[in-house]
Amino acid sequence: APAYVGAMPGSDDAGSVRAPIPGSIMAIFVKSGDKVQAGQPLYKMEAMKMENEINAHLDGTISAIHVHPGDSVNQGQEIMAIAPAAVLKNRRKSDL
């Protein structure tokens with residue numbers, strides 16, 4: 001599985017937030033429907049006895065959260081999804 005936190009820019013799952021390393025979820029700082037900005041903390045995980053705070057890689061809205069505190073996750077596993085703000089900004093009214 002890929003080691004990056006977000007998906008590759010321009011891919012269909014650009015808003016996917018994935019675990020960078022295997023570990024366990026300690027805390028989730030956002031909820032579905034929250035607007036987030038790039039760099040904003042999303043969740044904290046513990047891996048190899050170290051705490052890691054994972055930040056948003058893009059601006060958008062949390063569209064799904066797939067884990068709970070205490071869950072063990074694998075590297076590359078999707079933790080949550082962000083609907084990118086840029087996608088919403090670029091839509092014309094005629095597209096809606």
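Start your tour by selecting Lys 44, a residue that is partly exposed, with a relative accessible area of 23%. Here, buried means under 20% relative accessible area, exposed means over 50%, and partly exposed lies in between, using a 1.4 Å probe and protein chains only.

A word on what you have open. This is a predicted model, in which local features need pLDDT of at least 70 and side-chain atom pairs count only at pLDDT 80 or more, while totals for chains, interfaces and linings use all residues. Residues are numbered from 1 along each chain as its sequence is written, and side-chain values use heavy atoms, with hydrogens and water left out.

**Stop 1: the salt bridges**

Keep Lys 44 selected and add Glu 51. The two form a salt bridge, with their closest N and O atoms 3.5 Å apart. A salt bridge here is a side-chain nitrogen of Lys or Arg within 4 Å of a carboxyl oxygen of Asp or Glu. Side chains of opposite charge can pair when their charged atoms come close. How many salt bridges does the structure hold? There are two. To see the other, select Asp 34 and Lys 31, whose closest N and O atoms are 3.1 Å apart. Lys 31 is exposed, at 55% relative accessible area.

**Stop 2: the whole chain**

Now zoom out and switch to a cartoon view. You should find one helix and eight strands, arranged along the sequence as β-β-β-β-β-β-β-β-α. Helices (H or I, at least four residues) and strands (E, at least two) are DSSP runs, numbered from the N terminus. Of the 96 residues, 33% count as buried. If you turn on the surface, the protein exposes about 5800 Å², and carbon and sulfur atoms supply 53% of that; these areas come from the Shrake-Rupley method with a 1.4 Å probe, and for residues only the protein chains shown count as cover.

**Stop 3: one open sheet**

Colour S5, S4, S2 and S7. In that order they form an open sheet of four strands with antiparallel pairing; two strands pair if DSSP finds at least two bridges between them. At the edges are S5 (50-55) and S7 (72-73), each pairing on one side only. Next, pick out S2 (residues 23-28) and S4 (residues 41-47), which are joined by four bridges. Which residue in S4 stands opposite Ile 25? Select Met 45 and you have found it.

**Stop 4: a second open sheet**

Give another colour to S1, S8, S6 and S3, which form an open sheet in that order, again with antiparallel pairing. The edge strands are S1 and S3 (35-36). Follow S8 (residues 78-84): three bridges join S1 (residues 16-18) to S8, and five bridges join S6 (residues 60-65) to S8. On the S1 side, Val 17 has Met 80 as its bridge partner.

Thr 61, in strand S6, is a good residue to centre on. It stands opposite Ala 83 in S8, and Lys 35 stands opposite Thr 61 too. Is Thr 61 buried or exposed? At 18% relative accessibility, Thr 61 counts as buried. Show its contacts (heavy atoms within 4.5 Å): leaving out residues up to four places away in sequence, Thr 61 touches Gly 33, Asp 34, Lys 35, Ala 81, Ile 82 and Ala 83.

**Stop 5: Arg 18**

Move to Arg 18 in strand S1, which counts as buried at 18% relative accessibility. Its side chain makes a polar contact of 3.2 Å with the side chain of Ser 16. A polar contact is a pair of N or O atoms within 3.5 Å; within protein, one must be able to donate a hydrogen and the other to accept it, and residues adjacent in sequence count only if both atoms are side-chain atoms. Add Gly 76 as well: its backbone oxygen lies 3.0 Å from a polar atom of the Arg 18 side chain.

**Stop 6: His 66**

Next, select His 66 in the loop between S6 and S7. His 66 is partly exposed, at 42% relative accessible area. A polar contact of 2.8 Å joins the side chains of His 66 and Glu 78. The C-alpha atoms of His 66 and Ile 79 are 5.4 Å apart, although these residues are 13 residues apart along the chain.

**Last stop: the nonpolar core**

Finish with Leu 42, Tyr 43, Ile 79, Met 80 and Ile 82, which touch the most other members of the 17-residue largest nonpolar core. Such a core is a set of buried Ala, Val, Leu, Ile, Met, Phe, Trp, Tyr and Cys residues joined through side-chain atoms within 4.5 Å. The elements giving two or more residues to this core are S4 and S8. In soluble globular proteins, nonpolar side chains tend to be buried together.
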